[in-house]
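I opened the model to go through its strands, salt bridges and core. These are my entries, in the order I looked things up.

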Amino acid sequence: GKITITKQWILDRLEKGICEATGEKLTIEPRKPNTASLDRIDSSNPDYTPENCRIVTWQFNNMRGAYSDDEFIRVAKQLEKIKKKSISW
């Protein structure tokens, strides 16, 4: 794939310190759920371009995997419904 993001592009986002998907505070400490991670928004697109990349938490990147944000959110909402049902029983 094509790589057009730069070190400065990454540093600018790390400096903000916020996950671009969840709004959570980022860390650069290793092995933490909120450790900064480079995410390709469309994982079927092999390009590392500003349009296809963002800095997110490792946890979000790992959990979302190859799915789109919309699909990930749909499943998360479904899990929340199930959780609410099990609490009310």
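**Strand β1 and its partner**

I started with S37, which counts as buried at 13% relative accessibility; buried means under 20% relative accessible area, exposed over 50%, and partly exposed in between (1.4 Å probe, protein chains only). Before going on, I noted that this is a predicted model, where local features need pLDDT of at least 70 and side-chain atom pairs count only at pLDDT 80 or more, while totals for chains, interfaces and linings use all residues. Residues are numbered from 1 along each chain as its sequence is written, and side-chain values use heavy atoms, with hydrogens and water left out.

S37 sits in strand β1, residues 36-40. Helices (H or I, at least four residues) and strands (E, at least two) are DSSP runs, numbered from the N terminus.

Which side chains of β1 point to which face? I found S37 and D39 on one face, buried, and A36, L38 and R40 on the other, not buried. That fits the textbook picture: in a regular strand the side chains alternate between the two faces of the sheet.

Next I checked what β1 pairs with. β1 and β2 run antiparallel and pair over five bridges; two strands pair if DSSP finds at least two bridges between them. Opposite S37 I found V56 of β2. Leaving out residues up to four places away in sequence, S37 touches R54, I55, V56, T57, W58 and N61, where contact means heavy atoms within 4.5 Å.

I then looked at β2 itself. Five of its five residues are buried, so β2 is largely enclosed by the rest of the structure.

**Salt bridges**

How many salt bridges does a search of the whole structure find? I got seven, taking a salt bridge as a side-chain nitrogen of Lys or Arg within 4 Å of a carboxyl oxygen of Asp or Glu. The general idea is that side chains of opposite charge can pair when their charged atoms come close.

I pulled up D39 and R64 and found their side chains in a salt bridge at 2.8 Å, N to O. D39 lies in β1 and R64 in helix α2 (residues 58-64), so this pair ties together parts that are 25 residues apart in sequence. I have both D39 and R64 down as buried.

R54 and D69 make another bridge, 2.6 Å from N to O. With R54 in β2 and D69 in helix α3 (residues 69-88), the pair ties together parts that are 15 residues apart in sequence. R54 counts as buried at 8% relative accessibility, whereas D69 is partly exposed at 24%. I also noted that D39, R54, R64 and D69 are linked in a network of salt bridges.

Then I went along α3 and picked out E71 with R74, whose side chains meet in a salt bridge at 2.6 Å, N to O. E71 and R74 are three residues apart in helix α3, so about one helical turn separates them. E71 is partly exposed, with a relative accessible area of 29%, and R74 is partly exposed at 46%.

**The aromatic pair**

My search of the whole structure turned up one aromatic pair. It is F60 with F72, edge-to-face, 5.4 Å centre to centre and 80° between the planes. The pair links distant parts of the chain, with F60 in α2 and F72 in α3, twelve residues apart. For the cut-offs, rings of Phe, Tyr and Trp (its six-membered ring) pair if their centres lie within 6.5 Å; planes under 30 degrees apart count as stacked, over 60 as edge-to-face and the rest as tilted. F60 is buried, with a relative accessible area of 9%.

**The core**

Which residues make up the largest nonpolar core? I listed eight: I5, W9, C19, L26, C53, I55, V56 and F60. Strand β2 (residues 53-57) gives the most to this core, with three residues. A nonpolar core here is a set of buried Ala, Val, Leu, Ile, Met, Phe, Trp, Tyr and Cys residues joined through side-chain atoms within 4.5 Å.

I took two of its cysteines in turn. Beyond neighbours within four places in sequence, C53 contacts residues including I5, W9, L38 and I41. C19 lies in the loop between α1 (7-16) and β1 and is buried, at a relative accessible area of 3%. Outside residues up to four places away, C19 touches E24, L26, I55, V56 and T57.
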